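These are my notebook entries on one structure, written down in the order in which I looked things up.

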Amino acid sequence: MQRTSVDHIGANDRVKMKITKWRVYKLKRLLGVFIVMILMLFAAACSSGTGGGSNEESGEKTWEPEQPIEIVATAGPGSGWDTTARMAAKVLEEEGIIDQGIGVVNKPGGGGAVGWAYVHGQNSPYTIFVTSPPMLLVPLNGQSEYNYEDFTPIANLIADYGAIVVRADAKWNNLNELFEDMKKDPESISVIGASAPGSMDHIQFVRVAKEAGVDITKVKYVSDQEGGALTQLLNGNVEVYSTGVAETIEQVKAGNIKVLGITAEERLKGEVLEDFPTAKEQGIDATFINWRGFFGPPDMDEAALAYYEEKFKELNDSEGWAEIRAQFGWDELFMTSEEYKEFLAKENEAMKALLDELGLGN
Amino acid sequence: MLNSKNKKVSIILIIIAVVYLLASFRLPDYPYVPVDSDMVPKTLGFILLFLSILLFFVKDDAEKKQSIPKSEIKVILTVLAFVLIYILLFEIIGFVITTALFILITSWFLGYKGWVSNIIVSISIPLVIYLLFTQFLKVQLPAGILPF
Amino acid sequence: MGVFEGILTGFQVVFSLEGLLFVFLGALTGTLIGMIPGLGPITAIAVMIPITYGMNPAMALLLMAGVYYGAAYGGAASSILLNAPGESMSVPTTFDGYPLAKQGKAGKALAIAAIASFVGGTISVILLTLLTPVLAQLAISFGPTEYFALMLMGLVMVSSLADGSTIKALISATLGFMIATIGIDAQTGTQRFTMGNVNLLEGIDFLVIALGLFALAEVSNLIFERKQSTDFTSKLGSLRLNKEEVKEMAGPMGRQSILGFLIGVLPGAGGTIASFLAYISEKRLSKKPHEFGKGSVAGLAAPEAANNGASTGSFVPLLSLGIPGSGTTAVMLGALVVLGVQPGPLLMNEHPDVFWGVIASMYIGNVILLILNLPLIPYLSKILKIPRPMLISLIIVFCIIGVYGVGFRTFDLFLLVLFGVIGFFMAYLNFPAAPMLLAFILGGMMEQSLRQALTISNGSLLIFFEKPITVALLTVALISFVVPIFRNWRRKKEDKQTLSG
């Protein structure tokens with residue numbers, strides 16, 4: 001198929017060229033050459049990695065998509081949401097889980113708010129989106145007109161956890177030692193994260209600190225959005241770094257930093273990962289899950305919801321998705337729509353309480 | 001009184017500075033940082049105010065007088081109108097059709113008389129770009145009323 | 001593994017028919033993608049990730065290296081030919097590149113850019129090969145105070161970008177800084193000047209401003225000149241440089257490649273600061289500063305060499321520490337992760353093949369790009385032979401695609417037009433646009449690092465005097481601020497004396 005499309009464009013070009021004026025002709029030829037080269041490259045890259053697969057249809061669906069499906073990534077290309085959406089679309093198509101075409105549409109802006117407004121406006125069962133804790137935090141910060149209740153949670157697929165990190169030569173060896181010092185002298189300890197107060201890196205730290213009895217309004221939190229947060233920890237400008245578990249592994253291996261605690265329920269599996277103590281085992285009863293899953297439009301039709309829920313279950317159980325999880329270091333965390341809703345309601349309550357205490361809630 | 005360009009511009013800039021300053025003073029407090037989000041904007045507002053007042057007393061540079069003939073202003077405004085209509089219809093009608101029409105009409109309006117090549121370029125460029133973005137780069141452009 | 005042994009391993013990977021083919025295809029695709037405003041190296045690499053998925057990692061890296069350099073060069077081409085910089089670090093390329101193209105020397109300008117990119121790229125890859133372990137420390141030596149001082153130094157030099165009234169340049173810069181304050185404030189989460197519009201929460205994108213102020217505003221000039229005969233002589237596509245020109249660009253290229261590399265090593269705004277500093281410092285060093293902004297060979301070569309140097313430099317923290325120092329290297333890191341390689345402090349020991357493969361592919365990418373692009377220049381320059389009316393509508397379309405590709409919303413397109421109108425009036429009233437853009441880029445980071453520093457110090461300003469690098473940079477900033485004023489004052493005094501005398 002790719003071969004024919006190359007020929008098609010090439011032939012068309014040749015016909016057009018004859019009737020085109022000389023100047024345009026030169027430019028067109030150049031463009032034509034480019035396009036053909038690119039399509040060739042594309043064909044070459046694709047042919048190496050296409051895994052076909054036929055899936056049996058398990059009848060009695062009351063809803064089947066009749067047109068291509070659009071997955072909205074509420075951030076730009078290369079972001080976490082975008083990667084999740086593109087990888088999910090890829091596996092859903094390649095493993096034949098969904099027969100319709102699946103396109104990923106980027107609607108970045110406002111930390112997700114622009115994209116959510118777009119999905120809300122479309123209100124179509126063919127427009128779904130990928131989301132994560134900012135879906136709760138951004139509206140709670142008063143930065144989005146729509147919150148999670150305005151959409152239909154379909155299924156959660158993956159999870160990541162927060163890590164509280166210090167330099168390898170720091171005097172603290174566990175969370176309790178750190179928090180004791182923070183209680184005594186809050187001014188001497190700065191915490192850095194990659195996002196603004198009230199967003200994920202801040203809230204995950206504050207959630208653990210509060211449970212440990214720290215006055216969270218006194219936490220000195222600095223945000224570095226230019227990607228310099230780890231640098232500031234390593235060069236000693238700040239003492240504590242709040243980040244995701246995945247970002248810490250290589251630095252821990254190299255002996256530059258130590259992870260005082262992670263926000264998972266229990267220890268993670270895998271080399272290095274299994275050595276990270278949870279906050280819970282240190283007697284601090286706090287967790288923070290960086291969940292990632294798919295949401296549908298407001299008041300989604302039940303049959304459509306059932307369809308997507310099952311398809312995402314299939315995706316979750318597929319080998320292709322397992323490979324991608326392993327590749328990106330994502331943890332499996334599947335929730336059905338019902339479980340998801342319950343979970344979100346609880347999380348939302350907890351976050352709201354924290355933000356209100358910090359004076360950030362709206 | 002406002003006979004010089006600098007004086008007129010200066011007044012506009014002073015208004016901008018004042019509006020910006022008012023907005024800066026109305027920014028909400030965040031009590032947990034030593035320097036809040038309003039410090040830099042306030043400083044900038046006052047700097048602009050100061051510079052604008054200075055500008056008021058600066059003489060226009062004589063050597064670089066630019067004047068634009070009236071007929072040209074009309075041309076610019078018309079192109080501007082085309083661009084605005086293009087943007088308005090961009091997502092509604094879709095990339096390919098609006099872009100094709102825009103190139104066709106604007107080129108013609110600005111004096112390009114080769115109809116055949118104009119039509120060919122107007123149709124082929126949007127199509128090629130559209131296919132490049134949606135098929136190869138996997139970046140969506142608005143399809144609009146076209147089926148693909 | 002020693003350096004030479006290592007680099008040999010790297011070259012073994014690269015020097016296969018397949019390897020060269022991938023670099024070549026990458027460079028070609030990258031050039032094309034980079035030429036579209038809005039699609040710079042970041043997007044080019046991001047779109048390559050799904051394509052390379054499942055490919056042999058070494059080959060995928062070669063493809064990426066080709067795309068990366070290609071996209072950077074393609075950005076220079078649109079800056080030179082259309083006055084449309086695709087990303088912040090190619091803004092200074094427009095200052096002299098576009099005037100050259102307007103004088104009918106597009107081929108020459110593109111050749112200078114290609115050669116300067118090549119020299120900048122190659123010198124910095126050599127530095128990267130030899131010095132990566134040593135420079136890892138430099139990469140993390142900068143804290144908020146050092147960044148603040150660096151940005152301040154850049155901002156102070158704004159007045160050098162003015163060729164007329166200093167006061168107008170300062171106003172332009174202040175306005176640019178103000179625009180940078182729009183959006184959610186990173187240190188407090190406060191919404192500033194968004195007027196309740198969600199589209200403004202993340203601030204205004206650089207590209208909207210750059211394409212509006214530069215490309216769209218220039219379109220109005222093209223409209224006025226549309227009837228002028230566009231009889232570019234056959235020289236348009238000629239790449240020939242004479243001896244004097246080569247001599248003139250050699251010094252700036254050499255210096256700025258190294259300086260650019262060193263600035264690029266610092267995580268943060270490497271490429272942009274490097275290219276602006278290169279431009280400004282060469283203008284000050286030049287014997288012919290009056291030519292800057294009017295088609296100076298040195299003025300074009302310097303920022304191109306610097307931004308390529310910086311792009312390469314930004315690989316130091318990535319390869320030696322696993323810290324992505326720029327948007328592009330962050331995406332590159334993502335790409336490596338997909339290929340099963342996690343860059344980190346141990347990369348060099350655990351995956352020497354990848355480490356040296358990346359470096360070797362940079363050498364090859366640079367060479368291939370030069371070989372590929374020099375013959376393409378005559379064709380690229382012919383873009384300017386498109387009849388004016390058609391060219392004008394195409395430039396507008398390209399700007400719109402570029403901006404739409406950043407945010408995928410028409411709101412940004414209206415902003416683009418707004419900045420086009422602002423740029424038009426600024427040109428009409430002799431307000432320089434470059435300071436506005438520079439202040440917009442540096443201002444945001446400067447404010448954030450200032451406030452980070454003050455949060456860490458609990459509000460004490462003493463933190464700015466505790467570190468030697470900070471103090472040194474602040475001193476340079478102070479000197480660059482005071483000296484021109486002093487000189488002005490003395491000149492005035494002398495004028496008075498001659499008048500009275």
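**Entry 1: where chains B and C meet**

I began with the interface of chain B and chain C, where I find six residue pairs in polar contact, both residues of each pair being at pLDDT 80 or more. I note at once that this is a predicted model, and I read every value below as computed from it. Turning to the elements involved, I see that α1 (5-25), α2 (39-56), α3 (70-93), α4 (95-109) and α5 (115-137) of chain B each supply at least two residues of the side that touches chain C. The largest share of that side comes from α3(B), with 12 residues. Sorted by class, the side of chain B that touches chain C holds 46 nonpolar, 13 polar and six charged residues.

I then looked up the extent of the contact, which takes 65 residues from chain B and 62 residues from chain C. The two chains bury about 5500 Å² between them, and 82% of this area is on carbon and sulfur atoms. How many salt bridges are there between chain B and chain C? The count is zero.

**Entry 2: salt bridges within the chains**

Over all chains the count comes to 31 salt bridges, and I went through a few of them one by one.

In chain C, I looked at C:Glu447 and C:Arg451, which form a salt bridge with their closest N and O atoms 2.7 Å apart. Both residues lie in helix α19 (residues 434-456) of chain C, four residues apart, or about one turn of the helix. Are these two residues buried or exposed? C:Glu447 is buried, at 2% relative accessibility, and C:Arg451 is buried as well, at 0%.

In chain A, I looked at A:Asp356 and A:Lys352, whose salt bridge has its closest N and O atoms 3.1 Å apart. These two residues are four apart in helix α12 (residues 337-357) of chain A, which means that about one helical turn separates them. The general geometry fits this spacing, because an α-helix has 3.6 residues a turn and residues three or four places apart therefore point the same way. I list A:Asp356 as partly exposed, with a relative accessible area of 41%, and A:Lys352 as partly exposed too, at 35%.

A further salt bridge in chain A joins the side chains of A:Asp285 and A:Lys280, at 3.7 Å from N to O. A:Lys280 is partly exposed, with a relative accessible area of 30%. Back in chain C, I recorded a network of salt bridges that links C:Lys102, C:Glu218, C:Glu225 and C:Arg388.

**Entry 3: chain A as a whole, and one of its helices**

Chain A has 12 helices and 10 strands, and buried residues make up 57% of its 362 residues. Among the contacts in chain A with a separation of 6 or more, 78% are between residues 24 or more positions apart.

I picked out helix α7 (residues 200-211) of chain A, whose 12 residues reach 17 Å from the first C-alpha to the last, close to the 16 Å expected at 1.5 Å a residue. Of these 12 residues 10 are buried, so α7(A) is largely enclosed by the rest of the structure. The buried residues include A:Met200, A:His202, A:Phe205 and A:Arg207. A:Gly213, which follows α7(A), has a positive phi, near 95°.

**Entry 4: loop residues**

I looked up A:Thr278, which sits in the loop between β8 (257-262) and β9 (289-296) of chain A. A:Thr278 is buried, with a relative accessible area of 1%. Its contacts, leaving aside neighbours within four places in sequence, are with A:Ile262, A:Ala264, A:Glu265, A:Glu266 and A:Arg267.

Finally I checked phi angles, bearing in mind that most residues other than glycine have a negative phi. Phi of A:Asp299 is positive, near 40°, and this residue lies in the loop between β9 and α10 (302-317) of chain A. Phi of C:Phe408 is also positive, near 55°, and C:Phe408 lies in the loop between α17 (388-407) and α18 (410-428) of chain C. As for accessibility, A:Asp299 is exposed, at 78%, whereas C:Phe408 is buried, at 3%.

Conventions. Residues are numbered from 1 along each chain as its sequence is written. Chains are lettered from A and ligands numbered from 1 in the order in which they are written. This is a predicted model: local features need pLDDT of at least 70, side-chain atom pairs count only at pLDDT 80 or more; totals for chains, interfaces and linings use all residues. Side-chain values use heavy atoms; hydrogens and water are left out. A salt bridge is a side-chain nitrogen of Lys or Arg within 4 Å of a carboxyl oxygen of Asp or Glu. Buried means under 20% relative accessible area, exposed over 50%, partly exposed in between (1.4 Å probe, protein chains only). Contact means heavy atoms within 4.5 Å. Buried area is the accessible area (1.4 Å probe) that two parts lose on being put together, summed over both. A polar contact is a pair of N or O atoms within 3.5 Å; within protein, one must be able to donate a hydrogen and the other to accept it, and residues adjacent in sequence count only if both atoms are side-chain atoms. Ala, Val, Leu, Ile, Met, Phe, Trp, Tyr, Cys and Pro count as nonpolar, Asp, Glu, Lys and Arg as charged, and the others, Gly among them, as polar. The expected span of a helix is 1.5 Å times one less than its number of residues.
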